[in-house]
Amino acid sequence: ISMFISITRWWLPFGALLLILGCATDGIDPQWQALLDKPGWVASESTKYQQHNYFRGHGVSASLDIAKKQSMDDLTEDYKEQLQLYVQKVVSSNSVTAASVSDDSSTDKAGRLLLTTQSQLYVERIKQNRQITEIWQDPSSKAYHVLAVIDRVKIANELVEEINRFDQKTQRIMDRSGQEPDPLQRIAIANIAVEKIYQRQQLITAVGFLNPASELTTSTWTEQRIQLQISRWLSDVKIMPVLKQQDPKLQDALAGGVTKAGFIVEYGAKPHYVLKAFYQQGQIKWNDGVYTLEGDLRLELWDGQTKGQVRGKTHWPIHVSATERNRLP
């Protein structure tokens, strides 16, 4: 009996405590429960939606629709603020002087440039990824708190996949370029690859803004490597300059222009192209002690084959003046 009394004395208070706690949990006031469940993002403290992973917008209003709109507007402001910070970082890293960085016009210009460059790449995608993720109503004020977010890591990962596709396209373009027998067509195709490199760099800039921690693979082709290859191909192009009329000085000038452009002057049997020149000279005029002469130089680039076709043509109007007639030529 004494043992039973001892056990009872020990268990009764413990059981009562459990009963009180159980009743307190089940019967807690809904307003207090709502306050206990208040999410951290209401006070801008959230482990789930951290700033480096999300753009965030917070709206508060007695009207749920107004609170939703406010959250979207605030989300846009957060995006712009983060972009401005990134622009300032880019400007500073590009060794711009402290004076120009502090100059609002310079910073704004850099921001506009970045926005213009990237707008087609991810701004629309960012808008499409805006979403309202959580809604909480304050039990005391009855005001609605709305959280809108953009998952910047998700978008960055999508852009990384796009960068990888750009690398594959660039490789295919350069493979096709290397197999092209026509020199100028080969170079034209390679220039398409250069455009892909530019677009790739824009994507990399976007990824750096959205998620600097993203892992990027190194591309086999760089702009410098492609331009070097194009220069080599250009230096191998053989062009035969042909002048319709017999004029040694003009013939030398034509050949010098071909060489200066980086091509090989070829007078043999197998040039890649034939550059045909036609010079038409007008009459010499005199007016108020000044002699003038006008003319027109037409150029046509033909395939070097027997039945070649015209690849392109252009012309330059020429106008010279001198006080001495014999200086006009």
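This report describes a three-stranded sheet, the helices packed on it, one residue of its strand 3, and the salt bridges of a predicted model.

**The sheet**

The sheet is open and has three strands, arranged in the order 1-3-2 with antiparallel pairing. Its edges are strand 1, covering residues 54-61, and strand 2, covering residues 131-137; each of these pairs on one side only. From one strand to the next, the twist averages 20 degrees. Six bridges link strand 2 and strand 3 in the antiparallel sense. Within this part of the sheet, Q131 stands opposite V149 of strand 3.

Two helices pack on the sheet. Helix 3, residues 64-93, touches strand 1, strand 2 and strand 3, and its direction makes about 145 degrees with that of strand 1. Helix 6, residues 152-179, touches strand 1 and strand 3, and its direction makes about 20 degrees with that of strand 3.

**H145 in strand 3**

H145 belongs to strand 3, which spans residues 144-151. Its relative accessibility is 10%, so H145 counts as buried, the cut-off being under 20%. The side chain of H145 makes a polar contact of 3.0 Å with the side chain of H58. Leaving aside residues up to four places away in sequence, H145 touches W41, V42, H58, G59, V60, E134, I135, W136 and D138.

**Salt bridges**

Six salt bridges are found in a search of the whole structure. Three of them are listed here with their N to O distances.

| Acidic residue | Basic residue | Distance, N to O |
|---|---|---|
| D73 | K69 | 3.0 Å |
| E158 | K154 | 2.9 Å |
| D167 | R200 | 2.5 Å |

The pair K69 and D73 lies within helix 3; because these residues are four apart in that helix, about one helical turn separates them. K69 has a relative accessible area of 54% and is exposed. D73, at 40%, is partly exposed. The helix that carries this pair is one that touches strand 1, strand 2 and strand 3.

E158 and K154 are also four residues apart, about one turn of the helix, and both lie in helix 6. The relative accessible area of E158 is 26%, which makes E158 partly exposed. K154 is likewise partly exposed, with a relative accessibility of 38%.

The bridge between D167 and R200 joins two helices. D167 lies in helix 6 and R200 in helix 7, residues 183-210, so this pair ties together parts that are 33 residues apart in sequence. D167 is buried, with a relative accessible area of 15%. R200 is buried as well, at 10%. Both values fall under the 20% limit, and therefore both ends of this salt bridge count as buried.

Further along the chain, D182, D303 and R311 are joined into one network by salt bridges that share partners.

**Summary of helix 6**

Helix 6 appears in several of these descriptions. It packs on the sheet, where its contacts are with strand 1 and strand 3. It holds both E158 and K154, whose side chains meet in a salt bridge. It also holds D167, whose partner R200 lies in helix 7.

Key. Residues numbered from 1 in each chain as written. Predicted model: local features only at pLDDT ≥ 70, side-chain atom pairs only at ≥ 80, totals over all residues. Heavy atoms only, no water. Buried < 20%, exposed > 50% of the residue type's maximum accessible area, 1.4 Å probe, protein only. Polar contact = N/O pair within 3.5 Å; in protein donor to acceptor, adjacent residues only side chain to side chain. Contact = heavy atoms within 4.5 Å. Pairing = 2+ DSSP bridges. Axes fitted to C-alpha atoms, helices over the stretch in contact; angles between N-to-C directions. Salt bridge = Lys/Arg side-chain N within 4 Å of Asp/Glu carboxyl O.
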